[in-house]
Amino acid sequence: MTNRRAKTSALQRYGAASAFESAVVVACAELAPTESTRDAYLSDFFKHWLPFCRMYEVDPQHPAATKGTVIAWIEWMKKRGDAPKSRARGLSALSSIYRQLRRSDEVDRNPFSVDEGPKRGTALPLEPTPVASPEVIRKLLATCDESELGMRDTALIRILWATGARRASVIGMTFERLRKESAGYIARLIGKGQKEIPVLIRGKAADALTKWLAVLKDGKLSSGPIW
């Protein structure tokens, strides 16, 4: 009876508006034996994770994969001024919540858990996978002039280099899936399996993108493909 009252109280306090959010409340009640611990779990979901999902159109029941989404959430918390300890606690809490939700078949994966990532049956390489070196990127950028096409190519090269995103995903960028932020942009790229992945674009890549967007604006273009 006490557990049922706790669930009812939590549902009212956090205003769970969907069946999935109600399932989260139930999962937290099953995870945490004490009210204070249960409230901490619920707070991390309803006050930290859910607002991010709503702002960036991430489905919390079927979060698009991934490492990119989780990293974007961490960056979002940093911008809000959340302390490192709070961010670490949030990651741990969300991993526990989604693990419990998976046990009850409410979700099909836990995006916060390394357990559902690549299998570790073989040893990881001692050296990182070779990619374009900074010197190669400098030479590529040196071929780009200040023409419109040069500004476009500069933005493409810098975004590919800065984000490590797949070429097809970057080429598929659209105005509708790009959001301006104080520190740059968040692009919702389409990855393998048509999964949407939030990617942060900052620094020189964001500056180059801003210049290219200005070119498009001058051409009266503000919707559809960016490239």
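## Starting with contact

Contact here means heavy atoms within 4.5 Å. With that in hand, let us look at a helix and a sheet in this predicted model. Helix α9, residues 203-218, lies across β1, β2 and β3. Its direction is at about 95° to that of β3.

## The chain as a whole

Stepping back, the chain has nine helices and three strands. Following the sequence, the pattern reads α-α-α-α-α-α-α-α-β-β-β-α, with α9 coming after the strands.

Of the 227 residues in the chain, 41% are buried. Among contacts between residues at least 6 apart in sequence, 53% join residues that are at least 24 apart.

## The three-stranded sheet

The strands make an open sheet in the order β1-β2-β3, and their pairing is antiparallel. At the edges are β1 (178-181) and β3 (196-202), each of which pairs on one side only. From one strand to the next, the twist averages 25°. As a general point, strands of a sheet pair through backbone hydrogen bonds, in either a parallel or an antiparallel manner.

How many bridges join β1 to β2? There are four, and β2 covers residues 184-190. If you would like a place to look, Arg179 has Ile186 in β2 as its bridge partner. Moving on to the other pair, β2 and β3 are joined by seven bridges and also run antiparallel. Here Leu189 has Ile197 in β3 as its bridge partner. These two strands, β2 and β3, form a hairpin with five residues between them. In its turn, Gly193 has a positive phi of about 70°.

## A glutamate that meets β3

Glu75 is a residue of helix α4, which spans 66-80. Is Glu75 buried or exposed? Its relative accessibility is 18%, so Glu75 counts as buried, since the cut-off for buried is under 20%. Setting aside neighbours within four places in sequence, Glu75 is in contact with Leu200 and Arg202. Both numbers fall within the range of β3, 196-202.

## Helices α2 and α3

Two packed helices are described by the angle between their axes and the distance between those axes. For α2 (residues 19-31) and α3 (residues 35-55), the angle is about 150° and the axes are 9 Å apart. That angle makes α2 roughly antiparallel to α3, because angles over 145 degrees count as such. The crossing of α2 with α3 is right-handed.

On the α2 side, the contact is made by Phe20, Glu21, Val24, Val25, Cys28, Ala29 and Leu31. They meet Arg38, Tyr41, Leu42, Phe45, Phe46, Leu50 and Arg54 of α3. By class, the residues of this contact are eleven nonpolar, no polar and three charged.

## Helices α6 and α7

Further along the chain, helix α6 (residues 134-142) packs with helix α7 (residues 148-163). Their angle is about 165°, with the axes 10 Å apart, and α6 and α7 are therefore roughly antiparallel to each other. This crossing, too, is right-handed.

Which residues make the contact? From α6 come Pro134, Ile137, Leu140 and Leu141, while α7 provides Thr154, Ile157, Arg158 and Trp161. The contact of α6 with α7 has six nonpolar residues, one polar and one charged.

Technical notes:
Residues are numbered from 1 along each chain as its sequence is written. This is a predicted model: local features need pLDDT of at least 70, side-chain atom pairs count only at pLDDT 80 or more; totals for chains, interfaces and linings use all residues. Side-chain values use heavy atoms; hydrogens and water are left out. Two strands pair if DSSP finds at least two bridges between them. Axes are lines fitted to C-alpha atoms, for helices over the stretch in contact, and angles run from 0 to 180 degrees between N-to-C directions. Angles under 35 degrees count as roughly parallel, over 145 as roughly antiparallel, 65 to 115 as roughly perpendicular and the rest as oblique. A crossing is left-handed if the near helix is turned anticlockwise from the far one by less than a right angle, and right-handed if clockwise. Ala, Val, Leu, Ile, Met, Phe, Trp, Tyr, Cys and Pro count as nonpolar, Asp, Glu, Lys and Arg as charged, and the others, Gly among them, as polar. Buried means under 20% relative accessible area, exposed over 50%, partly exposed in between (1.4 Å probe, protein chains only).
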